[in-house]
Amino acid sequence: MPHDLLATAELVAGGALRPRDRMWRAGVALGRPLAYALPMADMATLLLCFPFDLEEMPAGCGYRKIELAVTFDDESLRALDLRPGAGWGGPDGARVTAFGLGRNRLRWMFEAPQTGGTLSPDGRWAQAVLESPSPLTDVSGRVRVRGVIEHPLLSGTRAEGEVQTRNEVPFSLSRADIWAAAPLAERTQRPGAWALTGRESIGPPGERLPPGRQHLCLAVDIEKYSTRGNADMIRLQRSLLRVMRAACARAAVDWDACGRQAQGDGYLLVLPPETDDTRAVPQLLDGLADALAAVNREPHGGTDSRSPLRTRMRAAFHHGIVHEGDSGYAGSAVVELFRMLDADPLRALLADDRSTDLVVAFSDRTYQDLVLQGYEGLSPVGFMRTDIRVKQFAGVAWIRSQGHAGPPPHDLTAPA
């Protein structure tokens, strides 16, 4: 998708590979890096993922070796961990080595098995955990791809030759591009937030709880995420973030003022205490549905309702007391929210109703306070009462399918 693509680049001949031998064509599509703020208390720590797809080559040609090199502009950044790492093997038999621990210049080498064969072209990625001595507001750098291809010669024999991108490809991520469980600027202002055993001592027994405040909470989860391949998982995570931001923009909810907790195939949004629920909830619902419709109209979005590429999700709303704990948001309201989200009746509704991409659940109290009061944009029409029993939790929820309100927006980018 255009929003997900950093650049496409041709892999040009290098070394001893001569132009007249070129009975091949090679290239690479570099995805926009995915960035996650990790819960470290005493420093800025990021997880960055660099997805890329190699271009399919003509019959008889293939990739024997590919190197992805990343250089960060900030020389104070250093890598704490690299994945894939030494000893990792891919489904195509690829052997991987990684270089750059403790540095801001990183390299991953993917090599085809020595016994023969070539690398599969797509669904590749590289991942690094980075540490900075100062708060991070943006991350920038450059990416380059080099490799060795196997190709036929005009003489009918076979040979290997070196290829590489013509230039380094720059990338830049702003604060708004970084997934975080809480706004980065506020991380150091919240006592006790994100304390981790081994990096910071845990408080003594009887230490006061972090503040508990009434919040409207929204949780979402993508359907059948775990059945997807690596490339589709990355695409779905990007779509999820864009949909959530677009919904907040539609509801005039300040993204940076929300508590946020990414969970791979899902997301928890804790809205500010001053949020006007009567206005925000209907707009968030319409925003989620419309943004999903827009995502699914894009290339590879799966316009057919039965397409395995289609992005579909469950959502749940609840209102209650939430604490910001040491490793995320805590409280019975958060537990109840996710019990509703995981409940069989909601899952079954999404599986059975192929006419929609979104189903929603309201806790009984939230339904009584908002939906039954007739606030603009909310109606009890279509809601079904259902008993929720998940693990030790039992309660009542109101569920329905949610159609999109109007033509899908063309721009899913929320204001920074």
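Ala 330 is partly exposed, with 35% relative accessible area (under 20% counts as buried, over 50% as exposed, and partly exposed lies in between, using a 1.4 Å probe and protein chains only). This residue belongs to strand E18 (residues 328–330); strands (E, at least two residues) and helices (H or I, at least four) are DSSP runs numbered from the N terminus. Leaving aside residues up to four places away in sequence, Ala 330 touches Ile 321, Val 322 and His 323, where a contact means heavy atoms within 4.5 Å. Gly 212 sits 118 residues away in sequence, yet the two C-alpha atoms are 9.2 Å apart in space.

A word on the ground rules: this is a predicted model, so local features need pLDDT of at least 70 and side-chain atom pairs count only at pLDDT 80 or more, while totals for chains, interfaces and linings use all residues. Residues are numbered from 1 along each chain as its sequence is written, and side-chain values use heavy atoms, with hydrogens and water left out.

So how confident is the predictor, on its scale from 0 to 100 for each residue, called pLDDT? The protein chain averages 80, and 79% of the residues score at least 70. Among the elements, strand E19 (residues 358–363) has the highest mean, 96, and strand E13 (residues 178–179) the lowest, 80. Over residues 181–205 the pLDDT is below 50, although this stretch has 54 contacts in the model beyond near neighbours in sequence. Residues 407–416 also fall below 50, with 18 such contacts. Where pLDDT is low, the predicted coordinates should not be read in detail.

Next come the strands, which pair if DSSP finds at least two bridges between them. Strand E10 (residues 138–152) runs antiparallel to strand E5 (residues 62–72), and 10 bridges join them; here Leu 68 stands opposite Val 145. E10 also pairs in the antiparallel sense with strand E11 (residues 158–165) over 7 bridges, with Gly 147 opposite Val 163. A further 6 bridges join E10 to strand E12 (residues 169–174), again antiparallel, and Arg 142 has Pro 170 as its bridge partner there.

E5 has another antiparallel partner in strand E8 (residues 105–111), over 7 bridges, where Ala 69 is matched with Arg 107. E8 in turn pairs with strand E7 (residues 95–99) through 5 antiparallel bridges, and Thr 97 is matched with Met 109. E7 and E8 make a hairpin with 5 residues between them, and Gly 100 in the turn has a positive phi of about 125°. Arg 107 turns up again with its charged end over the ring of Phe 99, 4.5 Å from the ring centre (the rule asks for NZ of Lys or CZ of Arg within 6 Å of the centre and within 35 degrees of the ring normal).

Aromatic rings of Phe, Tyr and Trp (its six-membered ring) pair if their centres lie within 6.5 Å; planes under 30 degrees apart are stacked, over 60 edge-to-face, and the rest tilted. The count comes to 9 aromatic pairs. Trp 255 and Tyr 267 are stacked, 5.9 Å centre to centre with 25° between the planes. Trp 255 counts as buried at 9% relative accessibility, and Tyr 267 is buried at 0%. Elsewhere, Phe 317, Phe 362, Tyr 367, Phe 383 and Trp 398 form one aromatic cluster.

Finally, 17 of the 21 residues of helix H2 are buried, so H2 is largely enclosed by the rest of the structure.
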